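Here are a few exercises on cysteines and cavities, each with a worked solution. Grab a viewer and try them before you read on.

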Amino acid sequence: MDSPVRVLVLVALFFPVFVDCAIRHYKFNVVMKNTTRLCSSKPIVTVNGKFPGPTLYAREDDTVLVKVVNHVKYNVSIHWHGIRQLRTGWADGPAYITQCPIPTGQSYVYNFTITGQRGTLLWHAHILWLRSTVHGALVILPKRGVPYPFPKPNKEVVVVLAEWWKSDTEVVINEAIKSGLAPNVSDAHTINGHPGRIPGCPTQRGFKLPVESGKTYLLRLINAALNEELFFKVAGHKLTVVEVDATYVKPFKIDTIVIAPGQTTNVLVSADKRSGKYMVAASPFMDAPVQVDNVTATATLHYSGTLGNVATTLTAPPPKNATAVANSFIDSLRSLNSKLFPVLVPQEIDHDLYFTVGLGINPCPTCKAGNGSRVVAAINNVTFVMPTTAILQAHYFNISGVFTADFPSKPPHVFNYTGTPPANLQTRNGTKVFRLAYNSTVQLVLQDTGIIAPENHPVHLHGFNFFAVGKGLGNYNPKTDPQTFNLVDPVERNTIGVPSGGWVAIRFRADNPGVWFMHCHLEVHTTWGLKMAFLVDNGKGPNQSVLPPPNDLPKC
Ligand code: C2O
């Protein structure tokens, strides 16, 4: 007979087993919400009425089930940016790549398990420009009982950086597509949804982070902006960087970090002052002749016991073209490379790939503003055309005519990529993927081009983390540059900036079967076609195939 005592003992015995690989249920209602920012109010697309959206908490090894219900007029899909989605590409989220989007009035349950990952990531809409307001933090705690590899902070705070647009971003991008010209930029940046006091809206209060003297805070920084890389700093306080893109790094101290859309950075801040108020600033980084939103977002670090009328200690953000400030952060990043968190950078390479990333100009008879031409973007001169059936479905069910597997492994025309552009700036259109055998190793050199202008491109790869083994200015030299590669403790991430007028080399192992999108995380460049996908074949082993799709997978 089951006595209450026996039940209690059983619960005590089994509870730890359950919590170590819990199932977390979330419900995301995609709804319109009237929000006030910049002294005006307007309806925006949100998850559960929040901007930024709700933080999703999970633990390493957890299975996460998120039911997304679409109540807005747009088709919707959600991406769990940086989650590896081992064999579960159906839950990755990019519309028409791994799934058809969720139509108005319908729902879809994203079902995935978090394996071998812990740290800060983000989730965001992966269709149209809805990501501008449909985004939030994804916090993966370490397994129960496993400590951080750095001193435990007294408190953790999620800090989401983003943009605020006075206009509807769908209208902005649709007008740009019609004209063939670049879209407008945002009107302000935000820190946890608030721009702080800014010109034209001086009464706007910014986000306030209360701190206590002597305590340490872990800031989980996320850049959820559409089109802007950002500098982030706190007046009078150093930042100790401990993690990027949910991978631990060797801790280092710095004044200013740079964070591209899609990237995340965890920093420790010691509240080592007695009292006071200190400005927190987020401002754009753009070292190319490209227009940006130059409005600095501000927040306040507010020591407890400090009166409201005490003057805030200010800080000046770096100028937007401060490449040296950005590089001093980027070049300090090294993988932790500890016993528990080893660096598994491939030492032998099966696929040696060289991809140019940049812009182009194609004819467009209807583009009046663009004088009969339009700005496009491309990888290896291929401007990616979105299919109307998801590529993963086409692959899994053998539907022909959706994509071709002939994405070029190197640029089709050799030219001085970072020098004077060629006379012909036209690109080819195509829905091309690059096919990889299961478990093959890849070295990919991403080369910026100077077509229109050299520019920093934060390139994101779905389905994998990669190691950033090298970078340089000018054109990559396959003979001499590999000698400079760091194959010992390169930083591991999922989104990497290709330097303006330069290149970056990454390595990864294709140990995740499926279809994996790779694109510039500046949304304007994604729209223009700076995107492609890798198709990774199934392996022969028992756990090396794409799992069957869930029953509620939306149809196109
Ligand atoms: Cu965060 Cu394909 O994107």
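A residue counts as buried when its relative accessible area is under 20%, as exposed when that area is over 50%, and as partly exposed in between. Keep in mind that this is a predicted model.

**Exercise 1.** Sort out the burial of Cys364 and Cys367, and the handedness of their link.

Solution.
- Start with the bond: Cys364 and Cys367 form a disulfide, with 2.0 Å between the sulfur atoms.
- Now burial: both Cys364 and Cys367 are buried.
- Then the twist: the torsion about the S-S bond is about 75°, so this disulfide is right-handed.

**Exercise 2.** Take the disulfide of Cys39 and Cys201 and work out which parts of the chain the pair links.

Solution.
- The sulfur atoms of Cys39 and Cys201 sit 1.8 Å apart, and the link is right-handed, with 90° about the S-S bond.
- The two ends lie in distant parts of the chain, 162 residues apart: Cys39 is in the loop between strands S1 (23-37) and S2 (40-47), and Cys201 is in the loop between strands S10 (188-191) and S11 (208-211).
- Check accessibility: Cys39 comes out at 45%, so it is partly exposed, while Cys201 has 1% and is therefore buried.

**Exercise 3.** Do likewise for Cys100 and Cys556: is the link left-handed or right-handed?

Solution.
- Here the sulfur atoms are 1.9 Å apart.
- The angle about the S-S bond is -100°, and the link is left-handed.
- Along the chain, Cys100 and Cys556 are 456 residues apart, with Cys100 in the loop between strands S5 (78-81) and S6 (107-113) and Cys556 in the segment after strand S33 (531-536).
- Cys100 is buried because its relative accessible area is 2%, whereas Cys556, at 56%, counts as exposed.
- To wrap up the cysteine bonds: the structure has three disulfides, and in sequence order the bonded cysteines pair as 1-3, 2-6, 4-5.

**Exercise 4.** Why does the second largest cavity lie between two domains?

Solution.
- The cavity holds about 40 Å³ of space.
- Its lining includes His124, His126, Arg131, His519 and Glu523.
- Strand S7 (119-125) and helix H5 (523-528) each bring at least two lining residues.
- Domain 1 (6-146) and domain 3 (351-544) both contribute to the lining, so the cavity lies between them.

**Exercise 5.** What classes of residue line the largest cavity?

Solution.
- This cavity holds about 70 Å³, and residues such as Phe207, Phe232 and Leu301 are among its lining.
- Strand S19 gives the most, three residues.
- By class, the count is 10 nonpolar, one polar and no charged residues.

Technical notes:
Residues are numbered from 1 along each chain as its sequence is written. This is a predicted model: local features need pLDDT of at least 70, side-chain atom pairs count only at pLDDT 80 or more; totals for chains, interfaces and linings use all residues. Side-chain values use heavy atoms; hydrogens and water are left out. On a 1 Å grid over the protein atoms alone, a cavity is a set of points where a 1.4 Å probe fits but cannot get out, and a pocket is an open set with protein on both sides within 12 Å along at least five of seven lines; lining residues have an atom within 4 Å of a point. Grid points are joined across faces, edges and corners, and a volume is the space filled by probe spheres set on the points. Helices (H or I, at least four residues) and strands (E, at least two) are DSSP runs, numbered from the N terminus. Ala, Val, Leu, Ile, Met, Phe, Trp, Tyr, Cys and Pro count as nonpolar, Asp, Glu, Lys and Arg as charged, and the others, Gly among them, as polar. Domain bounds come from an automatic or database domain assignment. A disulfide is a pair of cysteine sulfur atoms within 2.5 Å. Buried means under 20% relative accessible area, exposed over 50%, partly exposed in between (1.4 Å probe, protein chains only).
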